[in-house]
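Hi,

Here is the structure I said I'd pass along. Have a look, and then read on for what turned up in it.

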Amino acid sequence: MPESFVPGSGSRVALKRNLGMWAIVALGLGYMTPTVVFDTFGMVAETTNNVVPLAYLVALIVMIFTAISYGKMSAEFPSAGSAYTYAKNSIHPNVGFMVGWTSMLDYMLLPLVNIIIVRSYMESFFPDIDGAVWVILFTVLATGIIYVTMRGTSNVNTILLIIAIAAMLAFVVMVIVQLLGGAGEGTLITPTPFVHEGVDFSLVLLGATIVCFSFIGFDAVTMYVEEARTPKVVPRAIMLTVLIGGGIFIVTAYFTQALFPDWNVFAPGGDRQYVDDSTLPIIGELVGGQTMKIILTAAGFAATIASLLASQASVARMLLVMGRNNVLPNKLFGYVNPKTQTPTFNVILAGVVCLTGVVLTLADIVHFINFGALIAFSFVNISVFAWFAIRQGRRKTGSDIFKFVILPLVGLAMTIILWVNLSPEALTGGLIWAGVGLVWLIILTRGFRKQVAGFDEAQPVTGFNKVVK
């Protein structure tokens, strides 16, 4: 039975295997935050020339191949894992370090994304109040909550997920009624959201790199291997999370695009700032007036706050593990407040990053997050090839060649195609971050003469990342 460390107890206790497949799928979908399709809809519609569902379809195809690879690796390493874990074990600890370091960009920026989305929601209802007020207010609230306690339950996640999906269903029903009434494309079945004159596939790929952000979180399912009733359900849960989440995104994007064939409707007065930040409140108001705006924003708000708390706690956990293992200065990053039993420096640091939401937009951040995510996805595909085809020599039969060579290499090729289509700013910033990590790795290993310590978030060094029964 897997074990987890209980802070302050000096002992370990077993994690109860009480999560069924659908409970794990719900957790994965909760991490993905389905309402995010509305948040990024405006910028993706502008980028792709109004074929948002096509961008989601392309991204989903890429994610399916990567989900297959995650499933293979989670079955092979039946303990809570991540892209870092798989790269470390199948390729080399130093490669794993670089994958983990790059992925840390996601951990650091995801709370900021949630803060920016919340700011957009509040600005839509209170346009006369400076957005900085909302950034500071919600950053202080979230940081204060996590400062006191970092625990949460899957039950809350499931409730918020149900609320979000119910609101999205109500939205789709209203859109269908309006389409049948002659609005937008004036029909329920139209190819226009997927293909029309002027569609440029290079722009679709650029849009797909943006919507990859929507899929971030499906890989979090691997963290629940130790709490699944049987580890065998996790690969299926990963694939179902991707398929159901992708289905929700594509269907919602299709009906939204059919009703709004031109993204300019989201930029009143030609102000592009509206599409650079969340367009969810605008979409809600255009479809159902103030009532739908309130319903959709409330659902998005609940899901975003849940994601904010989870993501800020996650980055604090990861930094704590790195501090405890001396990957980062122990006195700061490894410190746990004896009263609250939380890594207070890390929590506050994550809050400080969130405060940059005063000046940044959603469009500024999304590409940077996808840089780290696509690196992680790429190396999970590489890990399958390295572990099975190279280390285990499973490349002699047609079945093995298909499963352990062709599938992961196709997945790798697809993620690389998306990665090179990131914005120049994201590629530059991401490569600089990776360069800093490489220099730090050289220092830690004394020029690669010693093995680097691990910093997997799922390591039971903190006790904060698992619900202990």
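A quick definition before the helix pairs: an axis here is a line fitted to C-alpha atoms, for helices over the stretch in contact, and the angles run from 0 to 180 degrees between N-to-C directions. Also, keep in mind that this is a predicted model.

Let's start with α4 and α5. Helix α4 covers residues 52-76 and helix α5 covers residues 83-90; their axes come within 11 Å and cross at roughly 65°. Angles of 65 to 115 degrees count as roughly perpendicular, so that is the label for α4 against α5. The crossing of this pair is left-handed. As for who touches whom, α4 brings Tyr 70, Met 73 and Ser 74, and these meet Ala 83, Tyr 86 and Ser 90 of α5. Sorted by type, the residues of that contact are four nonpolar, two polar and no charged.

The other pair is α12 with α14. Helix α12 spans residues 280-324, helix α14 spans residues 344-354, and the two axes come within 8 Å, crossing at roughly 130°. That makes α12 oblique to α14. Here the crossing is right-handed. On the α12 side you'll find Gln 312, Val 315, Ala 316, Leu 319 and Leu 320, which meet Asn 346, Val 347, Leu 349, Ala 350, Gly 351 and Cys 354 from α14. This contact splits into eight nonpolar, three polar and no charged residues.

Cys 354 brings me to the cysteines. How many disulfides does the structure hold? Zero. For reference, a disulfide is a covalent bond between the sulfur atoms of two cysteines. Cys 354 has a relative accessibility of 0%, so it counts as buried. Cys 212 is buried too, with a relative accessible area of 1%.

One more residue to click on is Ile 210, which sits in helix α9 (residues 201-215). Is Ile 210 buried or exposed? Its relative accessible area is 3%, and buried means under 20%, so Ile 210 is buried. Leaving out residues up to four places away in sequence, Ile 210 touches Met 43, Val 44, Thr 47, Val 366, His 367 and Asn 370. There is also a long-range pairing to look at: Ile 210 and Asn 421 are 211 residues apart in sequence, yet 9.8 Å apart in space, C-alpha to C-alpha.

Cheers

Conventions:
Residues are numbered from 1 along each chain as its sequence is written. This is a predicted model: local features need pLDDT of at least 70, side-chain atom pairs count only at pLDDT 80 or more; totals for chains, interfaces and linings use all residues. Side-chain values use heavy atoms; hydrogens and water are left out. Helices (H or I, at least four residues) and strands (E, at least two) are DSSP runs, numbered from the N terminus. Angles under 35 degrees count as roughly parallel, over 145 as roughly antiparallel, 65 to 115 as roughly perpendicular and the rest as oblique. A crossing is left-handed if the near helix is turned anticlockwise from the far one by less than a right angle, and right-handed if clockwise. Contact means heavy atoms within 4.5 Å. Ala, Val, Leu, Ile, Met, Phe, Trp, Tyr, Cys and Pro count as nonpolar, Asp, Glu, Lys and Arg as charged, and the others, Gly among them, as polar. A disulfide is a pair of cysteine sulfur atoms within 2.5 Å. Buried means under 20% relative accessible area, exposed over 50%, partly exposed in between (1.4 Å probe, protein chains only).
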